[in-house]
Amino acid sequence: MPLATPRLRDPDINPCLSESDASARCMDENNYDREKCSSYFLKYKNCRRFWNSIMIQRRQSGVKPPMPTAAERAEILGAMGKLPY
């Protein structure tokens, strides 16, 4: 297994783990037909865009670590009431 794989599977590092898994599962189920999975790809892309903007804001504010932990992300999403992506 490549060294980067465990990091990508860590929920504290990858905020879009469920979206990534859903898009991979869709590709497996649909014989890698990208058109059938476009909604999953869009949701993953929007997730990455949202958490990247949060990370940039935290970095500019001097908050460490720049990426919120899984627990902090749950609080942020809970305060919003629904998924922003």
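Started with two rings in the predicted model: Phe 50 and Trp 51 are both buried. I looked up how they sit against each other and got an edge-to-face pair, with 4.8 Å between the centres and 80 degrees between the planes. Phe 50 has a relative accessible area of 15%.

Next I asked myself how many aromatic pairs the structure holds. I got two. The other one joins Phe 50 to Tyr 85: the ring centres are 5.8 Å apart and the planes stand at 45 degrees, so I logged this pair as tilted. Phe 50 is in helix H3 and Tyr 85 is in the segment after H4, so the pair ties together parts 35 residues apart in sequence. Tyr 85 comes out buried as well, at 16% relative accessibility. I put Phe 50, Trp 51 and Tyr 85 down as one aromatic cluster.

**Stepping back to the fold**

I counted elements: four helices and zero strands. Read from the N terminus, the order is α-α-α-α. For overall dimensions, I have the C-alpha atoms filling a box of roughly 45 × 35 × 20 Å along the principal axes. The protein has 85 residues, and 25% of them count as buried. I also checked contacts between residues at least 6 apart in sequence: 49% of these join residues at least 24 apart.

**H3 against H4**

How do H3 and H4 pack? I have an angle of about 110 degrees, with the axes 13 Å apart. That makes H3 roughly perpendicular to H4, because angles of 65 to 115 degrees fall in that class.

Then I listed who touches whom. On the H3 side I have Phe 50, Trp 51 and Arg 58; on the H4 side, Glu 72, Arg 73, Ile 76, Leu 77 and Met 80. Sorted by type, the contact has five nonpolar residues, no polar ones and three charged ones. Phe 50 and Trp 51 turn up here again, having already gone into the aromatic cluster.

**Salt bridges**

Which side chains meet in a salt bridge across H3 and H4? Glu 72 and Arg 58 do, at 3.7 Å from N to O. Glu 72 is in helix H4 (residues 70-80) and Arg 58 in helix H3 (residues 38-61), so I noted the pair as tying together parts 14 residues apart in sequence. I also wanted to know whether each partner is buried or exposed. Arg 58 counts as buried, at 14% relative accessibility, while Glu 72 is partly exposed at 30%.

I searched the whole structure for salt bridges and found two. The other is between Asp 21 and Arg 9, at 2.6 Å from N to O. Asp 21 belongs to helix H2 (residues 17-29), and Arg 9 sits in the loop between helix H1 (4-8) and H2, so this pair ties together parts 12 residues apart in sequence. I have both partners as partly exposed: Asp 21 at 25% relative accessibility and Arg 9 at 45%.

**Where I left it**

My notes on Phe 50 now cover its aromatic pair with Trp 51, the tilted pair with Tyr 85 and its place in the contact of H3 with H4. For Arg 58 I have the salt bridge to Glu 72 and a place in that contact.

Notes:
Residues are numbered from 1 along each chain as its sequence is written. This is a predicted model: local features need pLDDT of at least 70, side-chain atom pairs count only at pLDDT 80 or more; totals for chains, interfaces and linings use all residues. Side-chain values use heavy atoms; hydrogens and water are left out. A salt bridge is a side-chain nitrogen of Lys or Arg within 4 Å of a carboxyl oxygen of Asp or Glu. Helices (H or I, at least four residues) and strands (E, at least two) are DSSP runs, numbered from the N terminus. Buried means under 20% relative accessible area, exposed over 50%, partly exposed in between (1.4 Å probe, protein chains only). Axes are lines fitted to C-alpha atoms, for helices over the stretch in contact, and angles run from 0 to 180 degrees between N-to-C directions. Angles under 35 degrees count as roughly parallel, over 145 as roughly antiparallel, 65 to 115 as roughly perpendicular and the rest as oblique. Contact means heavy atoms within 4.5 Å. Ala, Val, Leu, Ile, Met, Phe, Trp, Tyr, Cys and Pro count as nonpolar, Asp, Glu, Lys and Arg as charged, and the others, Gly among them, as polar. Rings of Phe, Tyr and Trp (its six-membered ring) pair if their centres lie within 6.5 Å; planes under 30 degrees apart count as stacked, over 60 as edge-to-face and the rest as tilted.
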